[in-house]
Amino acid sequence: MTALASKEDNDTVAQALATGAARLREAGVEAGRRDALLLLATALGADPDMLRLRPERRLDAVERSAFEVLLDRRAGREPVSRILGTREFWSLPFKITCDTLDPRPDSETLVEAVLTRLGDRTAPLDILDLGTGSGCLLLALLSELPAARGLGVDISEAALKVARENAAALGLGRRADFLCAPWGAALGGAWQVIVSNPPYILSGELPDLALEVQDFDPPLALAGGPDGLDAYRALAPEIARLMAPGGLAALEIGTTQINTVETLLRAAGLAEFGRERDLAGNWRCLLAGNAARPVD
Ligand SMILES: C[S@@+](CC[C@H](N)C(=O)[O-])C[C@H]1O[C@@H](n2cnc3c(N)ncnc32)[C@H](O)[C@@H]1O
């Protein structure tokens, strides 16, 4: 029985919020009050801001029990985005499931980095996203580039099903294809833009991740091998082979990996490099071109 279940049936919003927040904090959830508000709003089918304005509103039994179910999940350290099944990325709504990484705000650095380096955003363009997951990188780019087409590749068919649904829901399905394959191995062609956010967590660091990540992001999306670089070793020669002359690649990297990954890309024959920091000031995006196009 949860703490809330022992309360009166007719808790107010203010009481339910206070009890819920305390329960989440006890479970180790940092932003307990914010998350309790979001979950209460979901249970009540209300807007969180409107809820704040009505602290005296009383919950009926059905609402209280719905709130308890959501609180139980969050107390088990399931992220709010996973409980709700949706995450906003690049101001677009993305469906997420247990088969997809929960897209991170820091990954928007890649989208921004590519867009700022493209000249004419209305020009036709072929974009390749290796390890597409929910499709967030590819679909964010397509949403900004009206004449571009894209291919999202992933080894997880279950993730691709979600990516296809996201493409359709965002009205981008006609410009986005998806393929189940290991990185670029099955591909040919010449791609003007290649993006990838591969798994890059070191095996030894996986047990130290927050429970929200460790227990809920798919292992396939996290595990980068003993030194975190397995995926980059596979990707470097494939990106070099698949990049069109004058093309651009943008790779997400872990906070300490930028120099090592740059060395791997250089060894594969890629030429000029650019870097972008994330919101916290860490190097998060490594850009590469080929001899035909310097990247600043
Ligand atoms: C860190 S997630 C990134 C997902 C999405 N692009 C994002 O930024 O949220 C890495 C993705 O790579 C996929 N992946 C892992 N190994 C792969 C492989 N060998 N070939 C293709 N995709 C792979 C995973 O299934 C996962 O969806």
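Of the chain's 296 residues, 50% count as buried. The model is a predicted one. Its mean pLDDT is 94, and 95% of the residues reach 70 or more. The stretch of residues 1-7 falls below a pLDDT of 50; in the model it has 15 contacts beyond near neighbours in sequence.

Now the overall layout. The chain's secondary structure comes to twelve helices and nine strands. Along the principal axes, the C-alpha atoms fill a box of roughly 70 × 40 × 35 Å. Many contacts reach far along the sequence: among those between residues at least 6 apart, 65% join residues at least 24 apart.

Start with helix 4, which covers residues 61-75. Helix 1, residues 13-26, packs on helix 4 at an angle of about 20 degrees, and the two axes are 10 Å apart. That angle makes helix 1 roughly parallel to helix 4. The crossing of helix 1 with helix 4 is right-handed. On the side of helix 1, the contact uses A16, G20, R23 and L24. On the side of helix 4, F67, L71, D72, R74 and A75 take part. By class, the residues of this contact are five nonpolar, one polar and three charged.

Helix 2 also meets helix 4. Helix 2 spans residues 32-44, and its axis comes within 9 Å of that of helix 4. The two cross at roughly 140 degrees. Helix 2 and helix 4 are therefore oblique to each other. Their crossing is right-handed. From helix 2 come D35, A36, L39, L40, T42, A43 and L44. They meet E63, A66, F67, L70, L71 and R74 of helix 4. This contact has nine nonpolar residues, one polar and three charged. Look at F67, L71 and R74 on helix 4: these residues take part in the contact with helix 1 and also in the contact with helix 2.

Move on along the chain to helix 5, residues 80-84, where R82 is found. Is R82 buried or exposed? At 10% relative accessibility, R82 counts as buried, since the cut-off for buried is under 20%. Which residues does R82 touch, leaving aside its neighbours within four places in sequence? The contacts include R73, I96, T97, C98, T100, L101 and D102. F216, D217 and P218 are also among them.

The loop between strand 1 and strand 2 holds W90 and S91. Most residues other than glycine have a negative phi. W90 is not a glycine, yet its phi is positive, at about 55 degrees. S91 is not a glycine either, and its phi is positive too, at about 60 degrees. W90 is buried, with a relative accessible area of 17%. S91, in contrast, is exposed, with a relative accessible area of 63%.

The loop between strand 2 (92-95) and helix 6 holds P105. P105 is partly exposed, with 47% relative accessible area. Along the chain, P105 and M243 are 138 residues apart. In space, 26 Å separates their C-alpha atoms.

Next comes helix 6, residues 108-117. How much of helix 6 is covered? Mostly so: seven of its ten residues are buried. These are T109, L110, V111, A113, V114, L115 and R117. What do the buried residues of helix 6 pack against? One partner is helix 7 (136-144). The others are strands: strand 1 (86-89), strand 6 (191-196), strand 7 (243-252), strand 8 (273-277) and strand 9 (283-288).

End with another helix pair. Helix 11, residues 230-242, packs on helix 12, residues 258-267. The angle is about 30 degrees, and the axes are 8 Å apart. Helix 11 and helix 12 are therefore roughly parallel to each other. Helix 11 passes helix 12 in a right-handed crossing. Y232, R233 and A236 of helix 11 make the contact with V261, L264 and L265 of helix 12. Five of the residues in this contact are nonpolar, none is polar and one is charged.

Note on methods. Residues numbered from 1 in each chain as written. Predicted model: local features only at pLDDT ≥ 70, side-chain atom pairs only at ≥ 80, totals over all residues. Heavy atoms only, no water. Axes fitted to C-alpha atoms, helices over the stretch in contact; angles between N-to-C directions. Helix = DSSP H or I, 4+ residues; strand = E, 2+ residues; numbered from the N terminus. Parallel < 35°, antiparallel > 145°, perpendicular 65-115°, else oblique. Left-handed = near helix turned anticlockwise from the far one by under 90°. Contact = heavy atoms within 4.5 Å. Nonpolar A, V, L, I, M, F, W, Y, C, P; charged D, E, K, R; others polar. pLDDT = per-residue confidence, 0-100. Buried < 20%, exposed > 50% of the residue type's maximum accessible area, 1.4 Å probe, protein only.
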